[in-house]
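I opened this one to see how the chains are put together and where they meet. My notes go from whole chains down to single strands.

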Amino acid sequence: MWTTSLTQEYYQKLAADEVTKEHKKLSVVYLQSDWGKTSFDLFKAEALAQGAEIVYESAIQPDSEDYRPVLIKARDAQPDAIVHIGYAADGARVVRQVRELGFTGQFYGGQNTPQFLESAGGAAEGTIINENLLIGNTAPAVTEFYDKFEGVYGHEPSTFSAYAYDALYVLVQAAEIGGATREGVYEGLASGQPFDTVQFGEFTFGADRRPNDVPTVPVIVVDGAYQALYPQS
Amino acid sequence: MIDTIISGLVHGNVYALVAVGISLIFGVTNVVNFAQGSIVGLGAMLGWWFMGVLGWPWLLSLIAVAITASVVGYLISISAVRPLVSAPPIAALLATFAASMVVDNLSQVVFGAQTRAFPEPLATDNFQVGGLRLGTSDLVSFAFTIIAMIALWAFLKFGRNGRAIRATAADPDAAAQMGVPVTRVQNLSFLLASMLGGVGGIFYGMFAGVVSPVSASFTGTVGFIAAAVGGLGSITGAVVGGLLLGLLEAIGVFTFGDGFRDLFIFGLFILVLVLRPYGLFGSRKTVATEPMTGTFLGAGRPIELRWWHWWLVGILAAVAIPLFGGPVASAVGTQVVIYAIMAVPMTLLAGSTGQVSLGQAAPVAIGAYASALLVLRLDLPFLAGLVLGGLIAAIIATAVTLPIWRLGGHYISLATLALGYVVLAVIRNWDSVTQGAYGLTGIPAPSIGGFVFLTSEQRYLLDLVMLAITLLVVIVIRKSHLGTVLSSVGSDEVAARSLGIYTRDYKIMAYAITAFFAGIAGSLLAHQYNYLDPTVFPIQMSVLVLTIVVLGGMNSPFGAVIGALVLVGLPEALRIASDVRILLYGVIMIAMIRFRPQGLWTRTTA
């Protein structure tokens, strides 16, 4: 199976590198699911390899309303930063409650979706999340994608919109290479040729049939919208 | 720690609001209104809509939500509860449970499943207590609960309608003879409780900050537990139960982590049921075993199939589906058959002995994991895993619920509901054995004597054989002396006991048999999916099994098969989305209980 979705092995390593650049004492909460636990294991391994210390870690349930008992402990461990590994809905709750508990340090987490921004409201201000190349990217392909999407759907695209869009167009490009048949698409995907995407620009599939040589970009919530943390000149 | 305690109390306050409504209704009508939690959730979503989308001011929205919730509660009362007042309690239990399914999923369909930011009309963090930022909204919430509790108490003690409510609760017939309009009073109590629930939903929304239809309904479920812990029927108990539960949940999660949340809430509940079943403030008489079914279901005789009918159906099912339907129809058929295996023995539990299990997914999960682990880790052959899976499921499910069978039907239902959550929590946290949320991979396919069942058609036939065995066992039991004894327990428990029958033990036996076959169904699932994790066994599975049995006829094994065909096969074939499905199940259940409680596959006797 080919996919434009980044593996957690790849993504969490980059995320951990970004977090540990400035913060060495971390509290981490992660979803208690197979995805959440695996992602956390990978994040932790890389964070420790970078010399950071995880002073508190805890699983959280996606349907809990109240993460305060867990977050109180996370806060009391006096970390430099609190990291959340999960989705937009629980991320919104976590960041709201973290701020309510008076934690003023850096928060990494949530998800690059309009739902996260809407649900978290003012508490999301200053949140950093590692993302793909979309935000702050002024390449014509990207701005065209944004404009067209907003024109059709009335709101900004999220990470998932971009993934879906890219996945479909990769298939189109594969068919252009090998022919519009099952075998043709397979040949196209396996050909090792580069594909054009909105998220990563041009990339080639790695041996594990995933993109694993694409850069990611940390984004930060400023005034209720995402922007690139390190603006490209 | 102080922060945790305060946080727990604030959360517990929300539970208390749900619980008060439940205790109020239970005290008056002897019905556990499972829809109460859904009404709280609806209140939250409506609050979001009125304030956040329509932009109405706080007070207006509060009143609007109160009115809407009262209307919904009133509708539930007149459509699902009142018409069943002369029917045994099992009917009302199922009806309110179905109503909760309808309200929850209607809410999901109307408002969408996303989480929304709840508007903050009152400040939520304008002062500091310890390390916590509390707000005016939390204070108002607490104040509301206290005022509601006092107002209710005063109303019930001194108000004319309040005393009418109490009279109806004590003895509806005597109250009617004294001129109390019993129907109106019962409807009034539903209205009142729903109004409280709806307003409670708004406070819940302010507390949670973000709301969604799904998360609100979990809070509702915990509300029942709080009401039961406090003592069903006691308003004070409901408030205390709610606060206590919130507190213990917070402390438990603080100490052990959020993964243990369900274990704490529902495990605590089962403990309370064992040690002090009538709760903190309840009275002993609320747990007296009252008969759940009576002649309610006996009004229809199951349409019996002759032996050659069975052969015909069996051969048709075995040949037609794989031959004409191929792998896709066989895959759907497998689902149908496995649910039928879960549902058929329920005719012994719900039909014969009149007990409702709201958590059948629990023994299914136990059987699935047991079988998978035995085959994976100990290299046992598939058949051994299958049978042992069933046995282990029966033993564990029965052992955990053992002390509770002496209580009345409502408590059994709540206990089985709790068991569903507890089992999943244990599986999710016991990483060393079950691999928790990571899941078990590479579970071997079913194989008997070297032959491996790999294709859909082969697996379908294997499952069909298992279903045949299940049907055989259940029908033989029903026709035997044991079956008659089980029926006597359900039809008239008091008469049965005066004949010297140990009714509690027979109920346990029926449950154990149901759990055994549920475990077998679980084992079949495990070896056919080749992968297991806790998300395979959600509450929806328990709900579906129950609906199947109600639809087909609680006394009819073949009816259960038909029920599975309709409720599992049709939606798969028509590709109906899952949230609409549950809505459909709820509506079907209410319709069946109202108009044809004996089920589809029965003949009404004069």
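Below are my entries, in the order I looked things up.

**Entry 1: chain A overall.** I'm working from a predicted model, so I keep that in mind throughout. I started with chain A and its secondary structure, which comes to eight helices and nine strands. Then I checked the radius of gyration: chain A has 19 Å, and a compact globule of 233 residues would have one near 17 Å, which agrees. Along the principal axes, the C-alpha atoms of chain A fill a box of roughly 60 × 40 × 35 Å. Of the 233 residues in chain A, 45% are buried. I also looked at contact range in chain A: among contacts between residues at least 6 apart in sequence, 67% join residues at least 24 apart.

**Entry 2: domains of chain A.** How is chain A divided? I find domain 1 as 8–132 + 216–228 and domain 2 as 140–203. Taken over C-alpha atoms, the centres of these two domains of chain A are 29 Å apart. For the contact between them, I get six residues from domain 1 of chain A and eight residues from domain 2 of chain A. The domain 1 side of that contact has one nonpolar, four polar and one charged residues.

**Entry 3: strand β3 of chain A.** I picked β3(A) next and asked how many of its residues are buried. The count is five of the five, so β3(A) is largely enclosed by the rest of the structure. In a regular strand the side chains alternate between the two faces of the sheet. I therefore checked each face of β3(A) on its own: A:A81, A:V83 and A:I85 are buried on one side, and A:I82 and A:H84 are buried on the other.

Then I went through the neighbours of β3(A). With β1(A), the pairing is parallel and runs over five bridges; there I noted A:H84 of β3(A) as the bridge partner of A:V29. With β4 (residues 106–108) of chain A, β3(A) pairs in the parallel sense too, over three bridges. Here A:F107 in β4(A) is the bridge partner of A:I82. I also checked the hand of the connection: β3(A), α4(A) and β4(A) make a right-handed β-α-β unit.

**Entry 4: helix α3 of chain A.** Is α3(A) mostly covered or mostly open? I'd call it mostly covered, with eight of its nine residues buried. The buried ones are A:R68, A:P69, A:V70, A:L71, A:I72, A:K73, A:A74 and A:R75. What does the covering include? From chain A I listed β1 (25–31), β2, β3 (81–85) and α4, and from chain B α1 (2–29) and α10 (235–256). So the cover of α3(A) draws on both chains, given that list. After α3(A) comes A:Q78, and its phi is positive, near 55°.**Entry 5: where chain A meets chain B.** I counted 29 residues from chain A and 32 residues from chain B in the contact. On the chain A side, α2 (34–49), β2 (53–60), α3 (68–76), α4 (88–100) and α5 (114–120) each supply at least two residues. By class, that side of chain A has nine nonpolar, nine polar and 11 charged residues.

**Entry 6: chain B overall.** Moving to chain B, I found 24 helices and 10 strands. Its radius of gyration is 24 Å, close to the 25 Å that the globule rule gives for 606 residues, so chain B is as compact as a globular protein of that length. The C-alpha trace of chain B spans about 70 × 55 × 45 Å along its principal axes. Buried residues make up 60% of the 606 residues in chain B. For contacts in chain B between residues at least 6 apart in sequence, I noted that 80% join residues at least 24 apart.

**Entry 7: domains of chain B.** The assignment for chain B gives domain 1 (2–286) and domain 2 (316–604). I put their centres, over C-alpha atoms, 31 Å apart. In the contact between them, 32 residues of domain 1 of chain B meet 34 residues of domain 2 of chain B. Which helices of chain B each supply at least two residues of the domain 1 side? I wrote down α4 (89–111), α9 (213–230) and α11 (261–275). Of the elements on that side, α4(B) gives the most, with 14 residues. By class, the domain 1 side in chain B divides into 27 nonpolar, four polar and one charged.

Key
Residues are numbered from 1 along each chain as its sequence is written. Chains are lettered from A and ligands numbered from 1 in the order in which they are written. Two residues are in contact if their C-beta atoms, placed from the backbone, lie within 7 Å. Helices (H or I, at least four residues) and strands (E, at least two) are DSSP runs, numbered from the N terminus. Ala, Val, Leu, Ile, Met, Phe, Trp, Tyr, Cys and Pro count as nonpolar, Asp, Glu, Lys and Arg as charged, and the others, Gly among them, as polar. Domain bounds come from an automatic or database domain assignment. The radius of gyration is taken over C-alpha atoms; the globule rule is 2.2 Å times the number of residues to the power 0.38. A residue is buried if 20 or more other C-beta atoms lie within 10 Å of its own, exposed if 12 or fewer, and partly exposed in between; C-beta atoms are placed from the backbone. Two strands pair if DSSP finds at least two bridges between them. A crossover is right-handed if, with the strands pointing away from the viewer, the path from the first strand over the helix to the second runs clockwise.
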